[in-house]
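Here are some short exercises to work through with the model open beside you. Try each task yourself before reading its solution.

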Amino acid sequence: MGKVFNISGDCKANLHYMVNIEERLIKMKEMVRRGDYFTINRARQYGKTTTLRALSRFLQKEYIVVSLDFQRMGAAKFSNENIFSAAFAKMMIQSVKAQCDKLDMYGREALREFEGAVQTQKDTLELFELFGYVHDICGNAAKPLILIIDEADFAAGNQVFLDFLAQLRADYIDRDETPAFQSVILAGVYDFKQLRGKTGTGENHKQNSPWNIAVDFLDDMSFSKKDIAGMLEEYEKDHGTGMDEEAVASLLYEYTSGYPFLVSYICKLADERLACTAAGERCAWTKEHILEAVRILLTEQNTLFESLIHKLQDDPDLHEMLRNLLFRGKQIDYTIGVRSVEVARMLGFVKKQDYRIVLANRIFETLLYNWFLAAPEMRRNTIYDTALKEKNQFICYGRLNMELVLEKFVQHFDELYGDRQQSFLEEDGRRYFLLYLMPIINGTGNYYVEARTRNMERTDVIVDYLGEQFVIELKIWHGNAYHERGEAQIAEYLEYYHLEKGYMLSFNFNKTKQTGVKTIKIGPKTIVEAVV
């Protein structure tokens with residue numbers, strides 16, 4: 001059986017197409033050599049488990065690697081200090097016994113004592129005793145011990161876990177006097193530096209972080225274009241489709257910004273459902289294949305999207321912050337400690353760029369637009385219902401008539417909202433255009449907002465419909481001079497996209513404005529302008 005693209009669990013090199021993460025492993029090994037304690041906190045399905053398992057193998061020759069998964073322990077194992085200590089001890093003993101060849105005579109004796117103690121003290125063993133035996137193992141092993149814990153945030157907020165972190169912290173501080181783990185690596189979604197434990201009394205109660213000794217892990221773990229191209233080259237060696245790996249990798253990166261799960265999911269769809277003949281043969285992936293895979297990805301349920309939407313539903317502050325970012329073009333500076341921003345970064349919705357918060361990738365952006373616009377109060381909106389009823393007239397012989405879309409939108413918008421205040425147009429005008437557009441292209445086309453132009457005054461929407469691309473600039477009217485500059489900008493933008501025709505939708509607050517649609521020429525480019 002040949003390799004496949006994997007979206008479930010960790011990736012295995014003999015079964016799955018993978019990017020080469022050797023450079024990352026070399027950097028992590030150097031952190032281990034220095035004796036760093038650190039956390040790999042990244043969004044869900046970002047390749048953390050794959051990286052940790054690869055790191056364990058990478059370190060095996062020089063270290064005894066104790067690799068654990070807290071999710072396997074179950075919530076009951078964190079109910080009190082004794083139960084946790086016994087469970088952790090059993091898992092550690094099992095891991096070390098599997099590497100017994102790395103223990104000398106004294107190390108084996110220490111391990112036997114540890115195992116015996118777990119049996120005789122199973123009802124009394126607590127963290128102090130547990131770490132006493134850990135010190136014995138570390139002090140008598142022929143090679144340094146490394147502790148790696150995956151899904152560590154399974155216990156985040158649990159006091160036993162906080163006490164466990166505090167013990168690791170104490171060992172780190174005293175390791176010049178007491179044998180301890182050479183390095184400790186925790187992996188999860190949360191940043192454990194933000195946890196606060198009951199490490200004091202009075203004013204200091206719950207004020208200290210038990211993990212403040214951890215150094216920063218700076219690798220963002222996203223795939224670069226080069227990484228993606230390397231994975232596609234491996235695929236090409238197996239199938240020889242004639243794919244342009246560089247071009248496909250660039251397109252994948254444009255939509256995903258290298259988010260591992262999204263890259264793998266789109267590749268899996270392209271390979272197994274879109275570029276595979278009835279006879280099971282593969283053909284070269286094209287831009288159309290990738291865009292169709294994106295469309296499918298955004299219309300089918302998956303565990304990552306379900307998790308993100310669930311968090312969004314439960315967090316009003318996160319909801320409001322993302323709504324401002326999407327529909328109002330609000331620029332949000334990154335400020336340490338703003339909870340909604342930190343949560344959005346942790347979940348992977350946004351990233352920091354030039355000291356500001358931006359949407360992490362086009363896929364998440366479109367997911368969020370779709371979710372906000374799918375709210376019942378929006379779907380009950382008259383303008384959505386109007387577009388839904390008239391959607392067939394906009395498609396002729398499989399082509400989308402964008403000029404007619406603008407004409408009809410201007411007509412209906414003016415009828416429904418023409419007497420609204422300026423603040424309504426600024427905050428909701430663009431939202432209503434997307435709401436109008438959705439049922440027209442839904443199920444066949446894709447759209448996304450060009451990140452470079454998203455602000456309070458201007459937003460460019462890119463629509464892909466059956467291989468044809470449309471650029472629509474949505475803007476707030478600020479006088480003729482500004483408008484003329486906008487016309488020149490969209491002409492330049494069309495050149496970038498290799499298009500001859502573009503579209504502009506202006507929300508004009510001038511009481512003497514003339515609504516409607518007209519066509520103008522700017523050099524060789526044609527601009528269809530609509531004013532509401």
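**Exercise 1. The main core**

Task: In this predicted model, find which residues of the largest nonpolar core touch the most other members.

Solution: Start with the whole set, which holds 136 residues. Within it, the members that touch the most others are Trp285, Leu400, Val463 and Leu505. Next, look for the element that gives the most to this core: that is helix 19, spanning residues 422-441, with 9 residues. Finally, set this core beside another one that lies apart from it, made of 51 residues and including Phe84, Leu127, Ala141 and Leu195.

**Exercise 2. Around one tryptophan**

Task: List what tryptophan 285 is in contact with, leaving aside neighbours within four places in sequence.

Solution: Select heavy atoms within 4.5 Å of the residue. Once the sequence neighbours are left aside, the contacts of tryptophan 285 are Phe5, Leu232, Tyr235, Met243, Val248, Cys267, Ala270, Asp271, Ala275 and Ile290.

**Exercise 3. An enclosed space**

Task: Work out how many cavities of 30 Å³ or more there are, and which residues line the largest cavity.

Solution: The count comes to 1 cavity, and the volume of the largest is about 30 Å³. Its lining consists of Leu326, Phe327, Tyr369, Arg430, Leu434, Thr459 and Leu474. Now map these onto the elements: helix 13 (316-327) and helix 19 are the ones that give two or more residues to this lining. Sorted by character, the lining has 5 nonpolar residues, 1 polar and 1 charged.

**Exercise 4. The largest pocket**

Task: Describe the largest pocket by its volume, its lining and the elements that supply that lining.

Solution: Begin with the volume, about 1400 Å³. Then take the lining of 37 residues, where Asn41, Arg42, Glu342, Arg345 and Met346 lie nearest the centre of the pocket. At least two lining residues come from each of strand 1 (37-41), helix 9 (245-256), helix 14 (339-347) and strand 6 (350-353). Helix 14 has the largest share, at 5 residues. To finish, split the lining by character: 18 nonpolar, 9 polar and 10 charged.

**Exercise 5. A hairpin**

Task: Determine how strand 14 and strand 15 run, parallel or antiparallel, and how many bridges join them.

Solution: Strand 14 covers residues 516-522 and strand 15 covers residues 525-531; they run antiparallel and are joined by 7 bridges. To check the register, find threonine 519, which stands opposite valine 528 in strand 15. Then inspect the turn: the two strands form a hairpin with 2 residues between them, and glycine 523 there has a positive phi of about 65°.

Methods
Residues are numbered from 1 along each chain as its sequence is written. This is a predicted model: local features need pLDDT of at least 70, side-chain atom pairs count only at pLDDT 80 or more; totals for chains, interfaces and linings use all residues. Side-chain values use heavy atoms; hydrogens and water are left out. A nonpolar core is a set of buried Ala, Val, Leu, Ile, Met, Phe, Trp, Tyr and Cys residues joined through side-chain atoms within 4.5 Å. Buried means under 20% relative accessible area, exposed over 50%, partly exposed in between (1.4 Å probe, protein chains only). Helices (H or I, at least four residues) and strands (E, at least two) are DSSP runs, numbered from the N terminus. On a 1 Å grid over the protein atoms alone, a cavity is a set of points where a 1.4 Å probe fits but cannot get out, and a pocket is an open set with protein on both sides within 12 Å along at least five of seven lines; lining residues have an atom within 4 Å of a point. Grid points are joined across faces, edges and corners, and a volume is the space filled by probe spheres set on the points. Ala, Val, Leu, Ile, Met, Phe, Trp, Tyr, Cys and Pro count as nonpolar, Asp, Glu, Lys and Arg as charged, and the others, Gly among them, as polar. Two strands pair if DSSP finds at least two bridges between them.
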